[in-house]
Number of protein chains: 4
Amino acid sequence: MLTLRRLDIEDAKALIAAAKAKAERIGVSMCIAVTDESGNLIAFERMDGAKITGINLAIDKSYTACGIKKGTHILGEANQPGKPAHGIASALGGRMVVVGGGLPVFDAGDVVGGIGVSSGTPAQDLEVAQAGVDAFSNEPSSSSFLRGTT
Amino acid sequence: MLTLRRLDIEDAKALIAAAKAKAERIGVSMCIAVTDESGNLIAFERMDGAKITGINLAIDKSYTACGIKKGTHILGEANQPGKPAHGIASALGGRMVVVGGGLPVFDAGDVVGGIGVSSGTPAQDLEVAQAGVDAFSNEPSSSSFLRGTT
Amino acid sequence: MLTLRRLDIEDAKALIAAAKAKAERIGVSMCIAVTDESGNLIAFERMDGAKITGINLAIDKSYTACGIKKGTHILGEANQPGKPAHGIASALGGRMVVVGGGLPVFDAGDVVGGIGVSSGTPAQDLEVAQAGVDAFSNEPSSSSFLRGTT
Amino acid sequence: MLTLRRLDIEDAKALIAAAKAKAERIGVSMCIAVTDESGNLIAFERMDGAKITGINLAIDKSYTACGIKKGTHILGEANQPGKPAHGIASALGGRMVVVGGGLPVFDAGDVVGGIGVSSGTPAQDLEVAQAGVDAFSNEPSSSSFLRGTT
């Protein structure tokens with residue numbers, strides 16, 4: 001039997017809130033998704049004016065980041081022409097997203113979930129996703145956000 | 001040219017909050033989705049312990065309800081053997097959900113969005129979805145919930 | 001943060017071995033899948049002569065059972081004409097299987113995975129899946145099979 | 001009438017065991033799939049800690065290799081910009097995998113199945129898949145494959 005940890009709904013909402021605050025600061029309406037470590041959706045918000053194509057891109061970026069345990073921009077580099085993973089973008093029914101904006105969330109070395117952001121440029125999406133991850137990582141471990149972990 | 005009204009992200013979160021409060025009262029962890037009048041996801045929450053199969057069922061129930069402008073339980077009746085819509089459940093790649101728990105949200109006679117709930121029995125799902133809709137309908141139009149509409 | 005338990009690969013193989021032994025006793029070649037509590041595949045075996053249509057049916061039965069936290073035959077009853085879940089079979093892109101042969105695996109009250117069996121009659125599939133679950137449940141908790149649980 | 005040969009379940013498990021032993025030696029948890037010459041799954045194992053996105057990638061790599069009768073890394077080269085198969089990666093609903101880690105299994109000149117590996121780098125995936133194929137190929141051809149081996 002394996003024992004594992006995953007983000008709960010309050011964690012997910014805190015990640016989204018932090019990402020959203022960053023999105024507002026840079027002035028871009030975003031779709032923001034948080035999935036658990038198995039890639040299943042926990043929470044999602046589409047800010048008013050965000051792109052409808054961003055909905056599933058955000059969800060799939062988070063799914064991809066949980067799966068590959070890396071940011072989707074890193075998979076994007078490996079997907080460039082001439083690189084060995086070129087063409088992986090269309091795998092898994094196209095859910096494998098190779099554009100920046102998806103990040104895994106680590107806790108004590110393990111992936112416990114992910115965040116995916118879409119509607120801006122890949123750089124903006126990544127910046128907003130990172131703000132979500134940073135909020136998680138900066139929480140003191142005694143808070144409810146990181147209950148009983150480090 | 002058409003002008004239309006749709007739920008904004010704050011409306012969607014208020015619908016989810018009201019549905020979630022009902023889910024807690026009846027003691028069932030639920031997946032709760034809110035879509036706009038075009039069937040596109042605005043917000044989603046999976047309560048801790050809710051079913052993973054409930055994620056897309058909730059989203060698709062809300063999508064279906066927005067589309068048919070009726071509760072999914074009503075489509076369920078029309079999908080029964082001998083009825084004219086029998087078999088419609090598999091349409092649209094299976095996104096046409098014929099099980100209770102999806103409701104459209106009306107405002108001044110127009111569909112402005114929908115809510116979909118899944119993880120309980122169809123009756124529980126419908127009860128929780130209805131709680132979301134009721135919270136919306138009961139808001140005075142001067143509130144932030146119905147900002148500037150009637 | 002949530003803490004949860006799931007079947008590991010050795011658990012999955014033990015479940016398959018027990019199910020397979022039962023399949024051999026009743027003389028039916030089966031497809032046997034084990035998924036984790038999130039519905040993701042851990043291990044799969046197709047016995048020589050089992051049905052090719054049984055491959056994904058077995059995987060999806062296990063996925064469904066993990067999702068609904070019940071046997072797929074129970075969802076099958078709710079899917080019958082006149083019942084409120086009639087038509088749910090086509091949900092989730094058709095991955096929602098309503099035929100017997102999928103069972104969740106519980107440990108200390110929590111779903112930790114599932115098993116799905118296909119190629120026989122629904123009754124045979126269920127019998128074989130149950131043999132897998134029984135092997136798991138009957139293991140003394142001190143064994144590696146149920147490491148540190150009850 | 002055609003008569004064909006294909007891997008049986010014991011062959012498939014032997015291929016997986018050999019691949020898994022290599023994966024352990026290089027210290028990477030892998031998803032390992034074996035399909036028959038028709039591209040249908042025979043057996044699958046996800047080592048603890050392997051990537052969830054690797055599940056279907058492994059299955060689809062094996063499927064692709066059986067289909068094209070070549071390693072998926074070779075299709076990857078043909079999929080590069082400027083090459084005649086550029087863009088084939090998205091064919092077949094994205095099941096056409098152009099990343100290394102899928103290999104056909106030949107016996108006396110015929111494809112009798114395939115193996116697909118995913119969770120490492122493409123080079124690691126290929127190395128582990130090759131270890132599975134080597135175990136098969138090194139068996140004396142007088143055996144019916146690995147009957148009576150360890």
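## Helices α1 and α4 of chain B

In this predicted model, helix α1(B) passes helix α4(B) in a right-handed crossing. The axes of α1(B) and α4(B), the latter formed by residues 122-138 of chain B, come within 8 Å and cross at roughly 135°. An angle of 145 degrees or less does not count as roughly antiparallel, since that term is kept for angles over 145; α1(B) and α4(B) are therefore oblique to each other.

The side of the contact that belongs to α1(B) consists of Asp11(B), Leu15(B), Ala18(B), Ala19(B), Lys22(B), Ala23(B) and Ile26(B). These residues meet Gln124(B), Glu127(B), Val128(B), Ala131(B), Gly132(B), Val133(B), Ala135(B) and Phe136(B) in α4(B). Sorted by class, the contact of α1(B) with α4(B) has 10 nonpolar, two polar and three charged residues.

## Helices α1 and α4 of chain C

Chain C also has a contact between α1 and α4. Helix α1(C), residues 9-26, packs against helix α4(C), residues 122-138, at an angle of about 135°, and their axes are 8 Å apart. That angle makes α1(C) oblique to α4(C). The crossing of the two helices is right-handed.

From α1(C), the contact is made by Asp11(C), Leu15(C), Ala18(C), Ala19(C), Lys22(C), Ala23(C) and Ile26(C). From α4(C), the residues include Gln124(C), Glu127(C), Val128(C) and Phe136(C). The residues of the contact of α1(C) with α4(C) comprise 10 nonpolar, two polar and three charged.

## The α1 helices of chains A and B

Two packed helices are described by the angle between their axes and the distance between the axes. For α1(A) and α1(B), each covering residues 9-26 of its chain, the angle is about 170° and the axes lie 16 Å apart. The helices α1(A) and α1(B) are therefore roughly antiparallel to each other.

On the chain A side, Ile9(A), Glu10(A), Lys13(A) and Lys20(A) take part; on the chain B side, they meet Ile9(B), Glu10(B), Lys13(B) and Lys20(B). The contact of α1(A) with α1(B) holds two nonpolar, no polar and six charged residues.

## The sheet of chains A and B

Strands of chains A and B make up an open sheet of eight strands, in the order β4(A)-β5(A)-β2(A)-β3(A)-β2(B)-β1(B)-β4(B)-β3(B), with antiparallel pairing. At the edges stand β4(A) and β3(B), both spanning residues 102-107 of their chains; each has a single partner strand, so one side of each is left without a neighbour in the sheet. Direction ignored, neighbouring strands of this sheet are turned by 20° against each other on average.

At one edge, β4(A) pairs with β5(A), residues 110-118, in the antiparallel sense over six bridges. Within this pair, Asp107(A) stands opposite Asp110(A) in β5(A). Helix α1(A) packs on the sheet and touches β2, β3, β4 and β5 of chain A together with β2 of chain B; the direction of α1(A) makes about 30° with that of β3(A). Helix α1(B) lies across β3 of chain A together with β1, β2, β3 and β4 of chain B, and runs at about 30° to β2(B).

## The sheet of chains C and D

Chains C and D contribute to an open sheet of eight strands with antiparallel pairing, ordered β4(C)-β5(C)-β2(C)-β3(C)-β2(D)-β1(D)-β4(D)-β3(D). The edge strands are β4(C) and β3(D), each with a single partner strand, so one side of each is left without a neighbour in the sheet. The average turn between neighbouring strands of this sheet is 20°, direction ignored.

Strands β3(D) and β4(D) run antiparallel and are joined by six bridges. Gly102(D) stands opposite Gly116(D) in β4(D). Helix α1(D) packs on the sheet, touching β3 of chain C together with β1, β2, β3 and β4 of chain D, and the direction of α1(D) makes about 30° with that of β2(D). Helix α4(D), residues 122-137, lies across β3 and β4 of chain D and runs at about 10° to β3(D).

## Contacts between chains

Five pairs of chains touch, and the most contacts among them are between chains A and C. Chain B and chain D, by contrast, do not touch, and their nearest C-alpha atoms are 14 Å apart.

Between chains A and D, 22 residues of chain A are in contact with 19 residues of chain D. The two chains bury about 1500 Å² between them, 64% of it on carbon and sulfur atoms. In chain A, the residues that lose the most area to chain D are His86(A), Ser90(A) and Leu92(A), together 31% of what that side buries.

Note on methods: Residues numbered from 1 in each chain as written. Chains lettered and ligands numbered in written order. Predicted model: local features only at pLDDT ≥ 70, side-chain atom pairs only at ≥ 80, totals over all residues. Heavy atoms only, no water. Axes fitted to C-alpha atoms, helices over the stretch in contact; angles between N-to-C directions. Helix = DSSP H or I, 4+ residues; strand = E, 2+ residues; numbered from the N terminus. Parallel < 35°, antiparallel > 145°, perpendicular 65-115°, else oblique. Contact = heavy atoms within 4.5 Å. Nonpolar A, V, L, I, M, F, W, Y, C, P; charged D, E, K, R; others polar. Pairing = 2+ DSSP bridges. Left-handed = near helix turned anticlockwise from the far one by under 90°. Buried area = accessible area lost by both parts, 1.4 Å probe.
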